Amino acid sequence: MAWVALLLLLAGCRYTFLPLDPGRPPPPERPFVVARLLAEGERARLSLRVERLDAPGYLLLRWYREETLLQEKALFLEAPGTYEAFFPLGEGYHRLLGLWGGRALFQLDLGTPSLPDPDEEKDQGNGEEGQEGGDHHAAGHP
């Protein structure tokens, strides 16, 4: 009799729920692309391979020299495959920004950006330009 009571007690201690299965996550809404930017003389060539594309749409391409926008193009992506686009290439640093649905999909660079020289000392100031004396509070403020 004691072993029947023990079996009933142990039966109540078993694993009583199934693990939750979240299922398969939905695929991202943006395309999956592999992009390369190559210098070819006086022009740059974008070589774009689209691996996954849920729906056709326009890829907006923005071509910059330093911070100046030189050209905008819209490339219609209709299916997975290979696409190309060409841009004028001059001296200096160039950047290509690819936007899908208003969001950045990729950025490719050619050249070296002109950054300030870290060894050059600039007068950074101490944040108190235009202040006189030691009291820097507004009038009537403690």
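Begin by selecting Phe-87, which at 1% relative accessibility counts as buried in this predicted model. Phe-87 belongs to strand β5, which covers residues 81-88. With its ring displayed, add Lys-73, whose charged end sits over that ring at a distance of 4.7 Å from the centre.

Next, keep Phe-87 on screen and bring in Trp-63, which lies in strand β3 (residues 57-65). A search of the whole structure finds 2 aromatic pairs, and Trp-63 and Phe-87 form an aromatic pair that is stacked, with 5.1 Å from centre to centre and 25° between the planes. This pair links distant parts of the chain, since its two members are 24 residues apart. Trp-63, for its part, has 0% relative accessibility and therefore counts as buried, the cut-off being under 20%.

From Trp-63, step to Tyr-64 and show the side chain of Arg-95 with it: the charged end of Arg-95 sits over the ring of Tyr-64, 4.3 Å from the ring centre.

Now select His-94, a residue of strand β6, which runs over residues 94-100. Is His-94 buried or exposed? At 0% relative accessibility, His-94 counts as buried. Two polar links are worth displaying here: the side chains of His-94 and Arg-65 are joined by a polar contact of 3.3 Å, while the side chain of His-94 also reaches the backbone nitrogen of Gly-90, at 3.4 Å. If the surroundings of His-94 are then shown, leaving aside residues up to four places away in sequence, the residues it touches include Trp-63, Tyr-64 and Arg-65, together with Leu-70, Pro-88 and Leu-89. Leu-108, Asp-109 and Leu-110 are also among the residues that His-94 touches.

For the last stop, return to strand β5 and select Tyr-83, which counts as buried at 14% relative accessibility. Which backbone atom lies 3.3 Å from a polar atom of the side chain of Tyr-83? It is the backbone nitrogen of Glu-78. Glu-78 also appears among the residues that Tyr-83 touches when those up to four places away in sequence are not counted, a set that includes Leu-75, Phe-76 and Leu-77 as well. Leu-46, Ser-47, Leu-48 and Val-50 are likewise touched by Tyr-83. To finish, display the C-alpha atoms of Tyr-83 and Leu-46, which are separated by 8.1 Å although the two residues stand 37 residues apart along the chain.

Key:
Residues numbered from 1 in each chain as written. Predicted model: local features only at pLDDT ≥ 70, side-chain atom pairs only at ≥ 80, totals over all residues. Heavy atoms only, no water. Phe/Tyr/Trp six-rings, centres within 6.5 Å; stacked < 30°, edge-to-face > 60°. Helix = DSSP H or I, 4+ residues; strand = E, 2+ residues; numbered from the N terminus. Buried < 20%, exposed > 50% of the residue type's maximum accessible area, 1.4 Å probe, protein only. Lys NZ or Arg CZ within 6 Å of the ring centre and 35° of its normal. Polar contact = N/O pair within 3.5 Å; in protein donor to acceptor, adjacent residues only side chain to side chain. Contact = heavy atoms within 4.5 Å.
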